[in-house]
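Here are some worked exercises to try with the model open beside you. Have a go at each task before reading its solution.

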Amino acid sequence: RWQKIFMIPLWSKVAVFWNKMFLTIIVLLIVLFLDAVREVKKYSAVHVNEKAANVNTNAFDHIQMKLFRSQRNLYLSGFSLFLWLVLRRTVTLLTQLAKGMASHAALETQVNDATEAAKKYLAENERLQEALSEKGSSKRKDSAEATDEKLKKEVEHLKAELQKTSNALLKANNEVTAVKKQSEGLKREYDRLMKEYERLQDSLNEAEDKKDL
């Protein structure tokens, strides 16, 4: 389903600029994160100095508000940066999984075709052998034996191709299983981060409520 969504013509046009957009947003989020860190350090120092100096309440509250906003920006920019990387990894894994499933289906089709062809050649071989047993001509028997030998070689060749295709199918199944495990691990990590984000958001809301009071 996601592969079909990614194959929409609009996405194919945007995909050309996807890497540039990704790097641009990463740089922007890193700049915002570093700026938030700088602001937190700045207002934390000012907060301690003002508290020690026992300045008036309005100035102290103003510094405390600035500190709270800088801490909020730090959390938001940090989680946005991390979640953006998680989103990038998720899209990559979904694409790899879709390609693995497509190759798996193609290999299954090849295996089925090879099996059907092998059955067809075996049936023709049996039919020729029955015809030879009914006719006692030695000349035709020699010709049929040559044909039978040729068919046997073709059957052996098809069996070898079938074995090769089966090995490729097994390898594709292992790759799909590995990608699925990576996707499940990423999903669990994403859920954990979202719970952590909600917890920090609740903490920020409680801090804002206390500030309002």
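Which residues does L81 touch, not counting residues up to four places away in sequence? Take contact to mean heavy atoms within 4.5 Å. L81 touches I26, L29 and I30.

A word on the ground rules: this is a predicted model, in which local features need pLDDT of at least 70, side-chain atom pairs count only at pLDDT 80 or more, and totals for chains, interfaces and linings use all residues. Residues are numbered from 1 along each chain as its sequence is written, and side-chain values use heavy atoms, with hydrogens and water left out.

**Exercise 1. Describe the overall make-up of the protein.**

Step 1: begin with the secondary structure, where helices (H or I, at least four residues) and strands (E, at least two) are DSSP runs, numbered from the N terminus. The protein has five helices and zero strands, and its pattern along the sequence reads α-α-α-α-α.

Step 2: turn to burial. Buried means under 20% relative accessible area, exposed over 50%, and partly exposed in between, with a 1.4 Å probe and protein chains only. Of the 213 residues in the protein, 19% are buried.

Step 3: look at the contacts with a separation of 6 or more. Residues 24 or more positions apart account for 82% of them.

Step 4: finish with the surface, using the Shrake-Rupley method with a 1.4 Å probe, where for residues only the protein chains shown count as cover. The accessible surface comes to about 15,700 Å², and 58% of that belongs to carbon and sulfur atoms.

**Exercise 2. Find the largest nonpolar core and say which elements build it.**

Step 1: recall the rule. A nonpolar core is a set of buried Ala, Val, Leu, Ile, Met, Phe, Trp, Tyr and Cys residues joined through side-chain atoms within 4.5 Å.

Step 2: list the members. The largest such core has five residues: F22, I26, L29, L81 and W84.

Step 3: assign them to elements. Two or more residues come from each of α3 (18–53) and α4 (57–134), and α3 gives the largest share, with three residues.

**Exercise 3. Work out the surroundings of F22.**

Step 1: place the residue. F22 lies in helix α3 and counts as buried because its relative accessibility is 10%.

Step 2: collect its partners. Leaving aside neighbours within four places in sequence, F22 is in contact with W84, L85 and R88. The C-alpha atoms of F22 and L85 are 9.1 Å apart, although their positions lie 63 residues apart along the chain.

Step 3: check for ring pairs. Rings of Phe, Tyr and Trp (its six-membered ring) pair if their centres lie within 6.5 Å; planes under 30 degrees apart count as stacked, over 60 as edge-to-face and the rest as tilted. The count comes to one aromatic pair. The centres of the F22 and W84 rings are 6.1 Å apart and their planes are at 20°, so this pair is stacked. Because F22 lies in helix α3 and W84 in helix α4, the pair ties together parts that are 62 residues apart in sequence. W84 is buried too, at 19% relative accessible area.

Step 4: look for a charge over the ring, meaning NZ of Lys or CZ of Arg within 6 Å of the ring centre and within 35 degrees of the ring normal. R88 lies over the face of F22, at 4.4 Å from the ring centre.

**Exercise 4. Are F33 and N73 buried or partly exposed?**

Step 1: take F33, in helix α3. Its relative accessible area is 30%, so F33 is partly exposed. Beyond its neighbours within four places in sequence, F33 is in contact with L74, S77 and G78.

Step 2: take N73, in helix α4. At a relative accessible area of 37%, N73 is partly exposed. N73 and A36 are 5.8 Å apart, C-alpha to C-alpha, and 37 residues apart in sequence.
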